Amino acid sequence: MIGDVNLYMNDLDDPHMGEIEIMIAEQKSRGKGLGRESALMMMAFAIENLAIHIFRAKIGEQNGASLSLFRKLGFKEISRSEIFKEVTLELHVTKDKHEELLQIGSFVTHT
């Protein structure tokens with residue numbers, strides 16, 4: 001196992017908001033697009049099977065690779081926590097983004 005991707009549906013006010021996180025633990029597996037592909041597959045699954053309409057990611061402010069990845073996926077910064085030293089990003093699933101995720105998420109290039 002090189003890492004994991006998780007989705008938490010922990011917002012009691014919005015059961016269709018999912019908090020996504022990715023960890024590529026194996027140093028030699030980083031920088032190969034596995035995090036991006038994993039995120040896209042999880043997001044495609046979540047919108048198709050769980051009706052997720054907002055994705056949230058909380059990332060340590062020093063984790064430039066993860067911040068860059070989520071921003072490239074279309075996530076926007078909504079807040080920063082000085083106490084936890086983390087950035088919160090969100091992606092609202094519009095109709096266009098929904099279609100894009102379903103199309104992209106159906107392609108698996110790593111096995």
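In this predicted model, the largest nonpolar core brings together 25 residues, and those with the most contacts inside it are Ile20, Met43, Phe55, Phe70 and Phe75. At least two residues of this core come from each of β2 (17–24), α1 (34–49), β3 (54–60), α2 (64–72) and β5 (86–92). The largest share, seven residues, is supplied by α1. Such a grouping will look familiar to many readers: in soluble globular proteins, nonpolar side chains tend to be buried together.

Phe70 gives a good view of how this core is put together. Leaving aside residues up to four places away in sequence, Phe70 touches Ile20, Ile22, Ala57, Ile59, Phe75 and Leu89. Two of the residues with the most contacts inside the core, Ile20 and Phe75, are thus also found among the contacts of Phe70.

Attention can now turn to the sheet. Five strands form an open sheet in the order β1-β2-β3-β5-β4, and their pairing is mixed. At the edges are β1 (3–8) and β4 (76–81), each of which pairs on one side only. From one strand to the next, the twist averages 25°. Within this arrangement, β2 and β3 are paired in the parallel sense, over three bridges. Met17 has Ile54 as its bridge partner in β3. The helix α1 packs on the sheet, where it touches β1, β2, β3 and β5, and the direction of α1 makes about 155° with that of β2.

A residue of β5 offers a closer look at the other part of the sheet. Thr88 is placed in strand β5, and it counts as buried because its relative accessibility is 8%, below the 20% limit that defines a buried residue. Not counting residues up to four places away in sequence, the contacts of Thr88 are Arg56, Ala57, Lys58, Lys76, Glu77, Ile78 and Ser79. Ala57 is therefore a contact that Thr88 and Phe70 both have.

The last feature to describe is the largest pocket, which holds about 520 Å³ of space. Its lining is made up of 25 residues, and Ile22, Ile24, Ala65, Ser66 and Leu69 are the closest to its centre. The elements β2, α1, β3 and α2 each give two or more residues to this lining. These four elements also appear among those that each supply at least two residues of the largest nonpolar core. Ile22, one of the residues closest to the pocket centre, is also touched by Phe70.

Note on methods
Residues are numbered from 1 along each chain as its sequence is written. This is a predicted model: local features need pLDDT of at least 70, side-chain atom pairs count only at pLDDT 80 or more; totals for chains, interfaces and linings use all residues. Side-chain values use heavy atoms; hydrogens and water are left out. A nonpolar core is a set of buried Ala, Val, Leu, Ile, Met, Phe, Trp, Tyr and Cys residues joined through side-chain atoms within 4.5 Å. Buried means under 20% relative accessible area, exposed over 50%, partly exposed in between (1.4 Å probe, protein chains only). Contact means heavy atoms within 4.5 Å. Two strands pair if DSSP finds at least two bridges between them. Axes are lines fitted to C-alpha atoms, for helices over the stretch in contact, and angles run from 0 to 180 degrees between N-to-C directions. On a 1 Å grid over the protein atoms alone, a cavity is a set of points where a 1.4 Å probe fits but cannot get out, and a pocket is an open set with protein on both sides within 12 Å along at least five of seven lines; lining residues have an atom within 4 Å of a point. Grid points are joined across faces, edges and corners, and a volume is the space filled by probe spheres set on the points.
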